[in-house]
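Q: Please give me a close look at the aromatic ring pairing here. After that, carry on to the charged pairs and any odd backbone angles.

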Amino acid sequence: MTERTKNPTVLAWLKEMTDLVQPDAVVWIDGSETQLEALRKEACASGELHKLNEDLLPGCYLHRTALNDVARVEHRTFICTPTKEMAGPTNNWMAPEEGYALLKGIAKGSYKGRTAYIIPYSMGPVGSPFSKVGVELTDSIYVVLNMAIMARVGQAVFDTLGDSDDWVRGLHCRCGIEEEKRYICHFPQDNTIISVNSGYGGNVLLGKKCFALRIASYQGWKEQWMAEHMLILGIEKPNGEVKYICAAFPSACGKTNLAMLIPPESYRKKGYKVWCVGDDISWIRKGADGRLYAINPENGFFGVAPGTNAKSNFNALESTRKGTIFTNVVLDKTGNTVWWESLDKNPPTDAIDWKGNPWNGAEATAPGAHPNSRFTAPAQNCPCISPEFENPQGVPISAFVFGGRRAKLAPLVYQAKSWNHGVFVGSSMASETTAAAAGAVGVVRRDPMAMIPFCGYDMADYWQHWIDMGASVDADKAPKVFHVNWFRKDDEGSFMWPGFGDNLRVLDWIIDRCEGKAEAVETPIGYLPKAEDIDLEGIEDEVSADTLATILDVDPALWRTEAAGIAEFYAKFGDKVPVELQECLATLKANVG
Ligand code: GTP
Ligand code: SPV
Ligand code: MN
């Protein structure tokens, strides 16, 4: 097989890895449609993929993972830094020698009888100053086809890499998909990732969480930029100006939905538009004009299927109508199409559920799609994809928004008093856990900047890096920082805020604040909107004045408990917590008395 690069570090690593895993054959992925189509056919023949109705869902496929392999596995994800302290108290740690020995032991000979696929990929537009190259070696066609949607894949990547050693090594081995031998290990000092015994998205699409967040967050710390678990959206005001927001919410807490929201009718009539730049990850750098700029390093959406429908997220649904791979959803045998919970009110009756068993939606007692079932859709399919999506220089950021699922406590929106206070707000975020990771669902946990599962080094150093990034830009150019909560619940357990498209009403206030156009009320936790500044035109029936007052309320008693919870969390980091954040915590405590 002809080599596709002369890069000596790439060739040496590939030789070492193929000697280890011992494939029967080696295929270089060139990114061509001919090659990808041949792989799709092969995967359909082996049963790895199922081709869906070509008229209704052209170029779309269904895949089912193993039953034990349906989400990220945080307890089996490790940061392998030279010392445990470098990984910090919130990461699982393994010594690099131990990690390599363990994983190479598992990987050894695991490609026997299989084909090795070499995937050169770029996170970010090929050749952008923000972009970084990775090479993933995998024995899964599903991984190749997903990576070809999620990243820029192919020969052009090797061509731009040239002889550089600045690329991330990624070895993925399916092995026997054994849960107790599943490991996702990161070696930030070596730009290396090894993942064994999984075939699920975030564990095996190594460009995504493993590289673009865990390794990249470490690189950003060393190289003065930031890798964040943030969507990027542009809001076009009636005057045609577009303002960009980056927002960090934990997994399955609404990034994809917010990133491509459809404005409420009253806003549409006024001429508002929302443009999606990214739905999951932002790479952020200081631009020549001293502002912070962000790119989306990905090229597709790996989105949560359940809950996605024409009303909640029309643009996401549209994005999945062609060239999409669905994972762990329902197969409707009659139409040879797909279905998932809340797609519509007509579940198929002659169907196969995510486990591969016959399923009748009219009688079913268990969901047909896994709660973390996903679609992998090309970004270019999105009807509101931003014209700036491919801009190699990124887009200038006006606001950073943090948020999570909090049934109580956190108000609809508040603004931090300064950059450092904003870092405090991000560092003390908490959210109820979701099905995106294995483990209990609905438990409140601290998830600073939505990065708890994704920070490749000590989170206290990461907070310091945030403070330093803020200090590196002029105060008047630094993005303003906000916190939102779409998930407040009443005593019956119903959501109090309609959410989805109506979240634009909150973003509108945020942009007005950035432009100095809206007033605010000073409270113990930060600046809150005046009730009359949240535009409720068209939802007055759904959100009464009382409801709005409740979700804009700051209850000192609850915040006293919260401050104690933050102090307890900070204590894990000992004296590494930046003094600026300790001061913010002391102020919060004093304010809520
Ligand atoms: P990851 O891909 O895991 O990072 O998730 P995400 O943050 O992109 O979450 P996503 O937008 O896919 O939403 C996850 C779930 O939250 C879906 O079931 C949505 O229907 C639901 N959701 C999103 N936005 C809102 C909202 O504003 N209100 C309510 N109540 N639910 C929402
Ligand atoms: C998340 O869990 O935040 C995701 C999906 O975006 S995964 O790629 O599995 O991490
Ligand atoms: Mn995510």
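A: Let's fix one term before going in: buried means under 20% relative accessible area, exposed over 50%, and partly exposed in between (1.4 Å probe, protein chains only). This is a predicted model, where local features need pLDDT of at least 70 and side-chain atom pairs pLDDT 80 or more, while totals for chains, interfaces and linings use all residues. Residues are numbered from 1 along each chain as written, chains are lettered from A and ligands numbered from 1 in written order, and side-chain values use heavy atoms, leaving out hydrogens and water.

Now the rings. The count of aromatic pairs comes to 28, a pair being Phe, Tyr or Trp (six-membered ring) with centres within 6.5 Å; planes under 30 degrees apart are stacked, over 60 edge-to-face, the rest tilted. Take Trp 463 with Tyr 570: their ring centres sit 5.4 Å apart and the planes meet at 45°, so this pair is tilted. In sequence the partners are 107 residues apart, with Trp 463 coming from helix 13 (residues 459-471) and Tyr 570 from helix 16 (residues 556-571); helices (H or I, at least four residues) and strands (E, at least two) are DSSP runs numbered from the N terminus. Trp 463 has a relative accessible area of 0%, so it counts as buried. Tyr 570 shows 2%, so that side of the pair is buried too. Nor do these two rings stand alone: ring pairs join Trp 463 and Tyr 570 with Phe 424, Phe 569 and Phe 573 in a cluster.

Just ahead of helix 13 in the chain, have a look at Ala 450, which lies in the loop between strand 28 (444-446) and that helix. Its phi is positive, about 60°, even though this is not a glycine. That's worth a second glance because most residues other than glycine have a negative phi. Ala 450 is buried because its relative accessibility is 1%. Leu 409 also has a positive phi, near 75°, and belongs to the loop between strand 25 (395-403) and strand 26 (413-415). With a relative accessible area of 8%, Leu 409 is buried.

On to the charges. The whole structure holds 39 salt bridges, each a side-chain nitrogen of Lys or Arg within 4 Å of a carboxyl oxygen of Asp or Glu. One of them joins Arg 152 to Glu 390, with the closest N and O atoms 3.1 Å apart. This bridge spans 238 residues, from strand 8 (residues 152-153) for Arg 152 to the loop between strand 24 (374-378) and strand 25 for Glu 390. Arg 152 is buried at 10% relative accessibility, whereas Glu 390, at 39%, is partly exposed.

Asp 280 and Lys 208 meet at 2.9 Å, N to O, in another salt bridge. Here the partners are 72 residues apart: Asp 280 is in the loop between strand 15 (273-278) and strand 16 (282-286), and Lys 208 is in helix 8 (residues 207-223). Asp 280 is buried with a relative accessible area of 8%, and Lys 208 is buried at 5%. Both belong to a network of salt bridges that also takes in Lys 209, Lys 255 and Glu 298.

Finally, Lys 333 bridges to Asp 350 at 3.7 Å, N to O. Lys 333 sits in the loop between strand 20 (330-332) and strand 21 (337-339), while Asp 350, 17 residues away, is in the loop between strand 21 and strand 22 (351-352). Lys 333 is partly exposed at 46% relative accessible area, as is Asp 350 at 38%.
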